[in-house]
Amino acid sequence: MSEPMIIRVRLEAPIKEVRHALTDPAAMRVWLAEHAEVDLPERYEFWGRRTPEGDVPHQRLLHADDHTLRFAWLLDGEETTTEITLAEEDAGSTVLTLSQTHFDFQDAITGASIRGVLQVFWSLALSNLADYVQGREIGPQPDYTTTDFRGHLDIAAPVSTVYDSLIDSDKATEWFGYPIGIEPYVGGRFAMGGLDANPQPAKIIDLVPDSAISVDWGPMGVVTWELEDTGGATRLTFVQSGFDTANPPYGAWTGWLSGLAELRRYHEQSNWRPIWLADDLAA
């Protein structure tokens with residue numbers, strides 16, 4: 001079996017508050033899942049439309065204490081293991097480390113197993129958790145029961161500023177947390193990993209300054225950002241379409257939603273720093 005996937009994040013809240021958010025069903029229904037039930041040390045369950053194979057709860061609690069939560073999670077016929085540990089960074093922040101077994105990046109590319117979404121599922125969930133413990137609104141969430149990929153969020157920054165961060169390679173790389181190379185014109189390349197590292201980049205097929213950007217990702221469909229001024233702030237509408245609805249790219253969609261959550265923090269927090277800690281595999 002391959003090594004577990006590891007994601008590490010910094011949360012701007014004390015351990016006690018983070019653990020409460022991790023184990024309180026009402027909190028979990030905000031940042032994690034449509035439904036959640038917890039009765040420690042016997043039960044830790046979440047399910048619903050925002051959860052892969054979320055028709056019923058598939059978790060089995062293995063261990064819980066003040067700093068560790070471990071549970072089995074049955075996905076696509078395999079029992080995986082998720083472990084979350086908390087460590088104090090300083091008096092006001094917590095480092096959360098999540099490990100997840102049975103993740104194969106090839107499944108993320110091919111869609112052969114729903115387990116392929118695990119990396120981006122947890123990246124988005126932990127991004128939501130970061131907002132939740134700071135009292136910030138949670139952004140758009142995936143729905144694993146539909147192929148209608150559309151969401152929007154409001155960003156407290158001017159349209160021109162948000163637009164620039166979407167088409168400037170350095171700024172996009174900064175908030176997304178992964179190298180992105182962008183040629184900001186129709187026909188230009190949009191390359192995850194950078195222009196020199198991606199031999200099959202996506203292509204910009206529409207670009208209206210301060211208004212809209214559309215990028216063709218081939219089998220993954222077309223991704224469109226639409227920006228609208230709302231009295232000095234920006235309403236960002238995000239759509240992914242044109243993919244094979246028999247094999248929806250839930251992983252790509254969830255990954256973009258995670259990125260947009262960081263985009264909003266990037267513009268709204270004067271002392272912004274990425275929540276993702278170095279050398280992890282977060283989106």
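## Helix and sheet packing

In this predicted model, helix 5 (residues 159-167) packs against helix 6 (residues 169-176) at an angle of about 90°, and their axes lie 5 Å apart. Since angles of 65 to 115 degrees count as roughly perpendicular, helix 5 and helix 6 are therefore roughly perpendicular to each other. On the helix 5 side the contact involves D164, S165, L166 and I167, which meet S169, K171, A172 and W175 of helix 6. By class, the residues of this contact comprise four nonpolar, two polar and two charged.

The sheet is open and consists of five strands in the order 1-7-6-5-4, with antiparallel pairing. Strand 1 (5-11) and strand 4 (59-64) stand at its edges, each with a single partner strand, so one side of each has no neighbour in the sheet. On average, and with direction ignored, neighbouring strands of the sheet are turned by 20° against each other. At one of these edges, strand 4 is joined to strand 5 (residues 68-75) by five bridges, the two strands running antiparallel, and R60 stands opposite A72 in strand 5.

Two helices and their contacts with strands are set out below.

| Helix | Strands touched | Direction |
|---|---|---|
| Helix 1 (residues 15-23) | strand 1, strand 6 (78-90), strand 7 (93-100) | about 155° to strand 6 |
| Helix 4 (residues 118-133) | strand 1, strand 5, strand 6, strand 7 | about 10° with strand 1 |

Helix 1 thus lies across strand 1, strand 6 and strand 7, while helix 4 packs on the sheet and touches strand 5 as well as strand 1, strand 6 and strand 7.

Key:
Residues are numbered from 1 along each chain as its sequence is written. This is a predicted model: local features need pLDDT of at least 70, side-chain atom pairs count only at pLDDT 80 or more; totals for chains, interfaces and linings use all residues. Side-chain values use heavy atoms; hydrogens and water are left out. Axes are lines fitted to C-alpha atoms, for helices over the stretch in contact, and angles run from 0 to 180 degrees between N-to-C directions. Helices (H or I, at least four residues) and strands (E, at least two) are DSSP runs, numbered from the N terminus. Angles under 35 degrees count as roughly parallel, over 145 as roughly antiparallel, 65 to 115 as roughly perpendicular and the rest as oblique. Contact means heavy atoms within 4.5 Å. Ala, Val, Leu, Ile, Met, Phe, Trp, Tyr, Cys and Pro count as nonpolar, Asp, Glu, Lys and Arg as charged, and the others, Gly among them, as polar. Two strands pair if DSSP finds at least two bridges between them.
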